Amino acid sequence: MAQGARRTAAQVAGVVALAVAVTAFLYVAAVRHGFFDLKVYYGALTFWVHDHGEIYDYLKPGTQYGFTYPPFAALVMLPMAYLPWWAAIVVSVSASVVVTAVLFGWLLDPISRRVGWTRWFALAVALCLAAAYEPMRETVNFGQVNMLLLFLVAVDLLRLLPAGNRWAGVGIGLATAIKLTPGIFIVYLLVTGRWRAAVTSVAAAAGATLLAAALFPDASREFWTEALWNTGRVGELAFVSNQSLRGVVARLDPQHPSTLAWLVLVLAALALWAWRSRAAVAVGDEATGLALTGAVMCLVSPVTWVHHLVWLLPGLILLVDNATAAPAASRRRRVLLGAAIIGYGFLISRIVWAWEKDFTGVDGFVGSNLYVWISLALLAFLPIRRWATPAGSAGEASGVPQLDQPDRRAPTGQWHRIGRPLTVR
């Protein structure tokens with residue numbers, strides 16, 4: 001058997017073994033939610049379209065949960081009302097898997113080339129590992145839209161913006177019109193001085209919102225004047241699934257959570273984020289800007305359920321990216337790989353749920369907020385890539401592109417692009 005064929009056979013066997021192991025893990029460890037959130041969307045849209053009710057008046061029977069997204073999200077999801085339930089599940093799962101595969105392809109390309117893996121093998125391994133990742137499996141099993149929103153933002157930051165495309169910002173604007181929290185990426189564009197893309201984002205968000213208002217004036221009026229402010233529709237702030245700074249403060253005193261303490265923590269997180277994001281963009285490291293903003297979004301949002309933490313995936317992948325770019329036997333490589341493994345290990349473990357009923361005491365404070373600490377660690381310590389080997393230099397002659405070296409500055413006019421050697425603009 002030729003060497004290439006043996007290698008392919010070994011990779012196929014490895015992927016199959018990993019898939020079997022992940023399946024066994026999910027069978028034992030995963031909690032099944034029966035597409036709960038998708039049922040809320042489906043029920044609300046059916047009530048709205050077929051029963052002629054108001055979409056924001058709908059509550060899933062026996063619960064306090066209703067449709068909480070802006071009217072433009074209802075417009076995007078409207079075809080669901082005309083599908084059978086099983087088809088809605090297929091569309092939801094398929095869409096999440098497809099956009100995850102594309103996003104992973106962009107982020108993994110420099111890693112696979114550097115370590116000598118074929119692209120399909122790197123992607124297959126990453127998708128298997130993602131299936132075990134608690135926020136990802138919760139997103140799929142709840143029928144959530146998190147990965148679709150992350151993909152829209154990533155299209156702007158990883159593809160359109162580095163290429164100078166005039167449409168850069170549309171994805172962020174549409175994501176913001178679907179769900180308000182990605183609006184922090186508009187602030188990211190402003191903080192880092194990309195005015196044109198920021199204006200495009202605002203225009204896209206406003207245009208989508210006005211379109212929904214023109215089509216559904218009653219629903220828009222109810223959302224912006226009533227439903228948006230009804231915080232009881234989203235659940236308890238102190239619930240252990242709320243892995244935000246607001247959740248940390250609420251679990252310290254569930255009856256009287258300190259708004260002042262929360263605001264101080266939010267301002268500190270935003271200051272750190274603005275400083276590090278500007279540093280990343282100054283050297284063309286847009287991927288790290290995406291990861292830092294995803295992390296701070298999870299921290300400062302009043303409610304960050306565990307499934308929202310798919311926004312940490314770029315940060316975890318970039319830890320591996322930085323590690324593989326470091327010298328093979330270096331302490332830096334060991335530390336970064338160790339951090340990625342530890343962070344991923346905790347985020348597949350459901351460990352915070354050990355304190356679901358009682359999060360008092362030091363162990364409760366540390367353990368029930370563990371995912372918050374991971375978000376903070378990524379925000380504070382995710383490396384910023386300050387130098388990359390230009391195309392055609394000695395670093396690429398060996399076939400191993402040196403895309404990330406941490407302690408040097410990029411020459412003027414050069415930008416790192418995901419999946420591409422550094423080129424002179």
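Here are a few worked exercises on this predicted model.

**Exercise 1. Work out where Ala126 sits, whether it is buried or exposed, and which residues it contacts.**

Start with the secondary structure: Ala126 belongs to helix 5, residues 119-132. Next, look at its accessibility. The relative accessible area of Ala126 is 12%, and under 20% means buried, so Ala126 counts as buried. Now hunt for partners beyond the neighbours within four places in sequence: Ala126 is in contact with Phe104 and Leu108. To finish, check a spacing: 25 residues separate Ala126 from Ala101 along the chain, and their C-alpha atoms lie 8.8 Å apart.

**Exercise 2. Find which residues have the most contacts inside the largest nonpolar core, and which helix gives the most to it.**

The largest nonpolar core holds 102 residues. Inside it, Ile55, Phe67, Leu157, Phe185 and Trp311 have the most contacts. Helix 14 (residues 286-300) gives the most to this core, supplying 10 residues. Now zoom in on Trp311. Skip residues up to four places away in sequence, and Trp311 still touches Asn146, Leu149, Leu150, Val153, Pro182, Phe185, Gly294, Met297 and Cys298. As background, nonpolar side chains tend to be buried together in soluble globular proteins.

**Exercise 3. Describe how helix 9 and helix 10 pack.**

Take the geometry to begin with: the axes of helix 9 (residues 184-191) and helix 10 (residues 195-215) come within 8 Å and cross at roughly 155 degrees. Angles over 145 degrees count as roughly antiparallel, so that is the label for helix 9 and helix 10. Then add the handedness: helix 9 passes helix 10 in a left-handed crossing. Lastly, list who meets whom. From helix 9 come Ile186, Leu189 and Leu190, and they meet Trp195, Ala197, Ala198, Ser201 and Val202 of helix 10. Sorted by class, this contact has seven nonpolar residues, one polar and no charged ones.

**Exercise 4. Look at Ser241, His52 and Arg350, and say what loop each one is in.**

Ser241 lies in the loop between helix 11 (217-225) and helix 12 (245-252). Its relative accessible area is 7%, so Ser241 is buried. Leaving out neighbours within four places in sequence, Ser241 is in contact with Thr304, Trp305, Val306 and Trp353.

His52 is in the loop between helix 2 (36-49) and helix 3 (71-77). With 69% relative accessibility, His52 is exposed. Arg350 is in the loop between helix 16 (331-347) and helix 17 (361-368).

Now check the backbone. Most residues other than glycine have a negative phi. His52, not a glycine, has a positive phi of about 60 degrees, and Arg350, not a glycine either, has a positive phi of about 60 degrees.

Terms used. Residues numbered from 1 in each chain as written. Predicted model: local features only at pLDDT ≥ 70, side-chain atom pairs only at ≥ 80, totals over all residues. Heavy atoms only, no water. Helix = DSSP H or I, 4+ residues; strand = E, 2+ residues; numbered from the N terminus. Buried < 20%, exposed > 50% of the residue type's maximum accessible area, 1.4 Å probe, protein only. Contact = heavy atoms within 4.5 Å. Core = buried A, V, L, I, M, F, W, Y, C linked by side-chain atoms within 4.5 Å. Axes fitted to C-alpha atoms, helices over the stretch in contact; angles between N-to-C directions. Parallel < 35°, antiparallel > 145°, perpendicular 65-115°, else oblique. Left-handed = near helix turned anticlockwise from the far one by under 90°. Nonpolar A, V, L, I, M, F, W, Y, C, P; charged D, E, K, R; others polar.
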